[in-house]
Amino acid sequence: MNKVWGSNTLWVESKPGLQDFHPIELEYGQLLRFNGNECTHFTKSNVTDHTRVSFDFRAIPMSLYKDCYEGKIGDYDCEFFHHSMHA
């Protein structure tokens, strides 16, 4: 979507528990996939002139899903998309 660097990007540790945080710097058209459920990550106040944009996708097989939070993530309702791999 956008070029990201410095304060307008995500800061992530390289392995769970290391706390060796570094900014994820990406060029236009690149994307990041990482184990955000295990690696601590955060953002800083964006002091650049560029807007930060992020999309968060979480996917699990429906057979492993457990509704422990009454269909919500925080205050937001979850949406489920069912897609069959079989024609």
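Reader: Why is tryptophan 11 called buried?

Author: Its relative accessible area is 15%. Buried means under 20%, exposed means over 50%, and partly exposed is what falls in between (1.4 Å probe, protein chains only). The value for tryptophan 11 is therefore in the buried class. The model is predicted, so local features need pLDDT of at least 70 and side-chain atom pairs count only at pLDDT 80 or more, while totals for chains, interfaces and linings use all residues. Residues are numbered from 1 along each chain as its sequence is written, and side-chain values use heavy atoms, with hydrogens and water left out.

Reader: What makes the secondary structure a matter of strands or helices, and how many of each are there?

Author: Both are DSSP runs, numbered from the N terminus: a helix (H or I) has at least four residues and a strand (E) at least two. By that rule the protein has zero helices and five strands, and its pattern along the sequence is β-β-β-β-β.

Reader: How do you know which strands of the open sheet are neighbours?

Author: Two strands pair if DSSP finds at least two bridges between them. S1 and S3 have three bridges in the antiparallel sense, so they meet the criterion. One of the bridges joins leucine 10 to threonine 43 in S3. The open sheet has three strands in the order S2-S1-S3, with antiparallel pairing. S2 and strand S3 (41-43) are at the edges with a single partner strand each, so one side of each has no neighbour in the sheet.

Reader: Why is the pair of tryptophan 11 and phenylalanine 42 called stacked?

Author: Rings of Phe, Tyr and Trp (its six-membered ring) pair if their centres lie within 6.5 Å; planes under 30 degrees apart count as stacked, over 60 as edge-to-face and the rest as tilted. The search of the whole structure finds two aromatic pairs. In the pair of tryptophan 11 and phenylalanine 42, the centres are 6.4 Å apart and the planes make 15 degrees, which fits the stacked class. Tryptophan 11 belongs to strand S1 and phenylalanine 42 to strand S3, so this pair ties together parts 31 residues apart in sequence.

Reader: What makes the pair of phenylalanine 21 and phenylalanine 42 edge-to-face?

Author: The ring centres are 5.1 Å apart and the planes stand at 70 degrees, so the edge-to-face class applies. Phenylalanine 21 is in the loop between S1 and S2, and phenylalanine 42 is in strand S3, 21 residues apart. Phenylalanine 42 has a relative accessible area of 29%, so it is partly exposed, and phenylalanine 21, at 28%, is also classed as partly exposed. Trp11, Phe21 and Phe42 form one aromatic cluster.

Reader: How do you know that glutamate 13 has no salt bridge?

Author: A salt bridge requires a side-chain nitrogen of Lys or Arg within 4 Å of a carboxyl oxygen of Asp or Glu. For charge, Lys and Arg count as positive and Asp and Glu as negative, while His and the chain ends are not counted. The nearest side chain of opposite charge, lysine 15, is 11 Å from the buried glutamate 13, so no salt bridge is present.

Reader: What makes the approach of glutamate 13 to glycine 17 a polar contact?

Author: A polar contact is a pair of N or O atoms within 3.5 Å; within protein, one must be able to donate a hydrogen and the other to accept it, and residues adjacent in sequence count only if both atoms are side-chain atoms. The side chain of glutamate 13 reaches the backbone nitrogen of glycine 17 at 3.1 Å, so the pair qualifies. A polar atom of that side chain also lies 2.7 Å from the backbone nitrogen of glutamine 19. Glutamate 13 is in the loop between strand S1 (10-12) and strand S2 (22-23); glycine 17 and glutamine 19 are in this loop as well.

Reader: Are glycine 17 and glutamine 19 buried or exposed?

Author: Glycine 17 has a relative accessible area of 59%, so it is exposed. Glutamine 19, at 58%, is exposed too.

Reader: Why is threonine 9 called buried, and which residues does it contact?

Author: Its relative accessible area is 5%, so threonine 9 is classed as buried. Contact means heavy atoms within 4.5 Å. Leaving aside neighbours within four places in sequence, threonine 9 contacts residues including Val4, Pro23, Ile24 and Arg52. A polar atom of the threonine 9 side chain lies 2.4 Å from the backbone oxygen of isoleucine 24.
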